Structure formats: C-alpha cells, structure tokens
Amino acid sequence: MAKAGHRWSSAAAEREAEEGEDPLDARIARSGCLEQHRQLQECMAERRDWRHCQEQVRAFGACMARQQRQRG
C-alpha cells in the first residue's frame, strides 16, 4: 500500500508528490535531520507510543529548529 503524502502548496512539493516522493519526507531529507527522524520513527515503531520516545522527539525537534534558524 502506498504511503499517503502530505499536501503542500508549493510547485516543488507538487512535483515531488507527482514523482511518488512524500514532500514532507523530501523536506526532512534536505534539512539534514534525516538520521534523527529515522531514529524517532524506529522508536515509534518499537514502542508504539511517542511518550516513550521523548529523547528522539527532542533531538529531531532541536535539529529542525537549528535548520530553521540557519535559513531564517
């Protein structure tokens, strides 16, 4: 079953969606936070409760915040 994509209004996001890649996944990959995101996903798959993955949630959030500040 195909993974449902996220809706973004930009032309780049629409192009990525047409190519079969989730725009949110592509944005995370470009952010430099892919490893933190992968670790969070693995924790969620194993624990099935985000409350047990707070270390990974914080690490991913901090990485994304750093990227936002650098681009800001």
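A salt bridge here is a side-chain nitrogen of Lys or Arg within 4 Å of a carboxyl oxygen of Asp or Glu.

## Salt bridges

By that rule, the side chains of E42 and R38 meet in a salt bridge (2.3 Å, N to O). The model is a predicted one, in which local features need pLDDT of at least 70 and side-chain atom pairs count only at pLDDT 80 or more, while totals for chains, interfaces and linings use all residues. Residues are numbered from 1 along each chain as its sequence is written, and side-chain values use heavy atoms, with hydrogens and water left out.

The whole structure holds three salt bridges. E35 also pairs with R38, at 2.2 Å from N to O, and E35, R38 and E42 are thereby linked in a network of salt bridges. E35 and R38 both lie in helix α3, three residues apart; helices (H or I, at least four residues) and strands (E, at least two) are DSSP runs, numbered from the N terminus. E42 and R38 are separated by about one helical turn because they are four residues apart in α3. As a rule, an α-helix has 3.6 residues a turn, so residues three or four places apart point the same way.

How open are these sites? Buried means under 20% relative accessible area, exposed over 50%, and partly exposed in between (1.4 Å probe, protein chains only). E35 is partly exposed at 40%, as is R38 at 34% and E42 at 45%. The remaining bridge joins D49 and R51, with the closest N and O atoms 2.8 Å apart. Its partners contrast nicely: D49 is buried at 17% relative accessibility, whereas R51 is exposed at 56%.

## Disulfides

Now to the cysteines. Two disulfides are present, a disulfide being a pair of cysteine sulfur atoms within 2.5 Å. C33 and C63 form one of them, with their sulfur atoms 2.0 Å apart. This pair ties together distant parts of the chain, 30 residues apart: C33 sits in the loop between α2 (23-31) and α3, and C63 in helix α4. The torsion about their S-S bond is about -90°, so this disulfide is left-handed.

C43 and C53 form a disulfide too, again with sulfur atoms 2.0 Å apart. Here the link runs from helix α3, home of C43, to the loop between α3 and α4, where C53 lies ten residues away. This link is left-handed as well, with -90° about the S-S bond. With the bonded cysteines numbered in sequence order, the pairing is 1-4, 2-3.

## Core

The cysteines turn up again in the largest nonpolar core, made of I28, C33, L40, C43, C53, F60 and C63. Such a core is a set of buried Ala, Val, Leu, Ile, Met, Phe, Trp, Tyr and Cys residues joined through side-chain atoms within 4.5 Å. Helices α3 (34-47) and α4 (54-71) each give two or more residues to this core.

H37, in helix α3, is buried at 13% relative accessibility. Beyond its neighbours within four places in sequence, H37 is in contact (heavy atoms within 4.5 Å) with D25, I28 and F60.

## Helix α4

Helix α4 has 18 residues. Its buried residues are F60, C63 and Q67. They cover an arc of only 60° around the axis, which puts them on the same side of α4; the arc is that of the directions from the helix axis to the C-beta atoms. These buried residues pack against α2 and α3, while E55, R58 and R69 are exposed on the other side.

Definitions and conventions:
The expected span of a helix is 1.5 Å times one less than its number of residues.
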